[in-house]
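User: I'm new to this one and would like to go through it step by step. Can you show me what we have?

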Amino acid sequence: MLELKTVLKRQKVLLGVMLLNVITTLEHSAYALCYGDRNGVQIDLARCSGHLKFSLEEQMLNLAHELVHAKQFITGQLSPIKQNWKKKDYSTTPYSRQPWEREAYAKEEKLYKIFWE
Ligand SMILES: [Zn+2]
């Protein structure tokens, strides 16, 4: 069993700095965005996209998706340039086949259920 001090130390290393901005709308009608690197991340979460107003549950699902990207940046799986995944170039890979998006879509629902339902 881990001591609390050890757990907190590990979390600090894993989380770095995480900043969440909740914004009315984002450029290009994005639902949410995540920027970052190994030292920290910023998540911008939209309340609306075009004429679509997200429910709180939808916003939390979008947040869960971006939290997966946050993990990818902080662990170094995803480069800040966002076209390199585990040191391989995916700049010509379509959005739906990008490995970081596949992981985020695969895990968002599970994360949402754990933390919101
Ligand atoms: Zn994504």
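User: Let's start with a single residue: is Lys-87 buried or exposed, going by its C-beta neighbours inside 10 Å?

Analyst: Keep in mind that this is a predicted model. Lys-87 sits in the loop between strand S6 (84–85) and strand S7 (88–89), and its phi is positive, about 70 degrees, although it is not a glycine. A residue counts as exposed with 12 or fewer C-beta atoms within 10 Å of its own. Lys-87 has 8 such neighbours, so it counts as exposed.

User: And His-28, buried or exposed?

Analyst: His-28 is found in the loop between S1 and S2. Here too there's a positive phi in a residue that is not a glycine, this time about 60 degrees. The count is 7 C-beta neighbours inside 10 Å, so His-28 is exposed.

User: Now the sheet: what order do the strands of the 3-stranded open sheet have?

Analyst: Look at who pairs with whom. S1 pairs with strand S3 (residues 40–46) in the parallel sense, over 7 bridges, while S2 and S3 run antiparallel and are joined by 6 bridges. That makes the pairing mixed, and the order is S1-S3-S2.

User: Which strands stand at the edges of that sheet, and why is one side of each left without a neighbour?

Analyst: The order again is S1-S3-S2. Each edge strand has a single partner strand, so one of its sides has no neighbour in the sheet. The two edge strands are S1 (17–23) and S2 (32–37).

User: How many residues lie between S2 and S3 in their hairpin?

Analyst: S2 and S3 are antiparallel, and Asp-37 has Gly-40 in S3 as its bridge partner. The hairpin they form has a connection of 2 residues.

User: Which residues make up the uncovered face of S2?

Analyst: In a regular strand, side chains alternate between the two faces of the sheet. On S2, the covered face holds Ala-32, Cys-34 and Gly-36. The uncovered face is Leu-33, Tyr-35 and Asp-37.

User: Which element gives the largest share of the largest nonpolar core?

Analyst: That core has 16 residues, and Val-41, Ile-43, Leu-63 and Ala-70 are the ones with the most contacts inside it. S2, S3, H2 and helix H3 (99–115) each give two or more residues to it. The largest share, 7 residues, comes from H2.

User: Let's zoom in on Val-41: which residue is its bridge partner?

Analyst: Leaving out residues up to four places away in sequence, Val-41 touches Met-18, Cys-34, Tyr-35, Gly-36, Ala-70, Phe-73 and Ile-74. One of those contacts is also a bridge partner, with Val-41 on the S3 side. The partner is Met-18.

User: Where is the kink in H3 centred?

Analyst: End to end, H3 doesn't look unusual: its 17 residues reach 24 Å from first C-alpha to last, close to the 24 Å expected at 1.5 Å a residue. Even so, there is a kink of about 35 degrees, and it is centred on Lys-107.

User: Last one: is Trp-100 buried or exposed?

Analyst: Trp-100 lies in helix H3 and touches His-69, Gln-72, Leu-78 and Trp-85, not counting residues up to four places away in sequence. The C-alpha atoms of Trp-100 and Gln-72 are separated by 7.5 Å, although the two are 28 residues apart along the chain. The cut-off for buried is 20 or more other C-beta atoms within 10 Å. Trp-100 has 22 C-beta neighbours inside that distance, so it counts as buried.

Definitions and conventions:
Residues numbered from 1 in each chain as written. Predicted model: local features only at pLDDT ≥ 70, side-chain atom pairs only at ≥ 80, totals over all residues. Pairing = 2+ DSSP bridges. Helix = DSSP H or I, 4+ residues; strand = E, 2+ residues; numbered from the N terminus. Core = buried A, V, L, I, M, F, W, Y, C linked by C-beta atoms within 7 Å. Contact = placed C-beta atoms within 7 Å. Expected span 1.5 Å × (residues − 1). Bend = angle between axes of the 7 residues up to and from the residue.
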